[in-house]
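Hi there,

Here is the structure I promised to pass on. Have a look at it first, and then read on for what turned up.

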Amino acid sequence: MVRKKVRAVRGRGSSRKSAPRAGGGTPESSRRARSPGNVPETPGRKKHRFRPGEKALREIRQFQKSTKLLIPAAPFIRTVREITFQHSAQVTRWTPEALVALQEASEDYLVHLFEDGMLCALHARRATLMKKDFELARRLKGIGVPW
């Protein structure tokens with residue numbers, strides 16, 4: 001069952017007239033005088049706005065459907081070469097297939113780490129992902145520093 005938000009509808013003309021105040025004018029005119037930012041720029045329809053979280057959910061669905069790599073290739077390759085040089089100055093060349101395989105494995109690892117971290121956050125009754133969620137996810141998997 002779908003619930004819809006019902007708004008009160010105001011009529012254009014009101015049969016009830018309000019008495020002028022001490023400052024003079026109607027309540028509407030005094031309200032407009034106090035807040036100049038509420039004047040619509042263009043007459044007509046309001047600008048369309050999405051509900052909070054609706055656009056994020058659409059992006060999530062889009063990324064779940066796609067099979068393309070999410071990390072840009074050039075920065076990833078630079079990072080791989082930098083890390084390789086730190087560990088061994090002798091290894092300077094990578095085949096493109098090896099770099100693509102490494103990038104796919106890295107993205108797969110990160111996606112699963114985010115999934116597990118999100119499960120830890122939800123278990124703690126939070127919607128925000130924190131550093132401690134990643135640490136707990138890695139600890140439960142037995143990855144990284146021995147605890």
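**The largest pocket**

Since this is a predicted model, please read everything below in that light. The largest pocket is lined by 17 residues, and those nearest its centre are F63, Q64, L70, E107 and V111. Its volume comes to about 570 Å³.

Which elements give two or more residues to that lining? They are helix 2 (54–65) and helix 4. Helix 4 provides the largest share, with eight residues. In terms of chemistry, the lining of the largest pocket splits into eight nonpolar, five charged and four polar residues.

**Where helix 3 meets helix 4**

Helix 4 (residues 96–123) also packs with helix 3 (residues 73–87), at an angle of about 100° and with the axes 11 Å apart. Angles of 65 to 115 degrees count as roughly perpendicular, so helix 3 is roughly perpendicular to helix 4. On the helix 3 side, the contact is made by A73, F76, I77, V80 and R81, while helix 4 contributes L99, L102, Q103 and S106. Sorted by class, this contact has six nonpolar residues, two polar ones and one charged one.

**The chain as a whole**

The protein chain has five helices and zero strands, and from the N terminus on its elements run α-α-α-α-α. Of its 147 residues, 10% are buried. Among contacts with a separation of 6 or more, 35% are between residues 24 or more positions apart.

Happy to talk it through whenever suits you.

Best wishes

Terms used
Residues numbered from 1 in each chain as written. Predicted model: local features only at pLDDT ≥ 70, side-chain atom pairs only at ≥ 80, totals over all residues. Heavy atoms only, no water. Axes fitted to C-alpha atoms, helices over the stretch in contact; angles between N-to-C directions. Helix = DSSP H or I, 4+ residues; strand = E, 2+ residues; numbered from the N terminus. Parallel < 35°, antiparallel > 145°, perpendicular 65-115°, else oblique. Contact = heavy atoms within 4.5 Å. Nonpolar A, V, L, I, M, F, W, Y, C, P; charged D, E, K, R; others polar. 1 Å grid on protein atoms, 1.4 Å probe; cavity = no way out; pocket = protein on both sides within 12 Å on 5 of 7 lines; lining within 4 Å. Points joined across faces, edges and corners; volume = space filled by probe spheres on them. Buried < 20%, exposed > 50% of the residue type's maximum accessible area, 1.4 Å probe, protein only.
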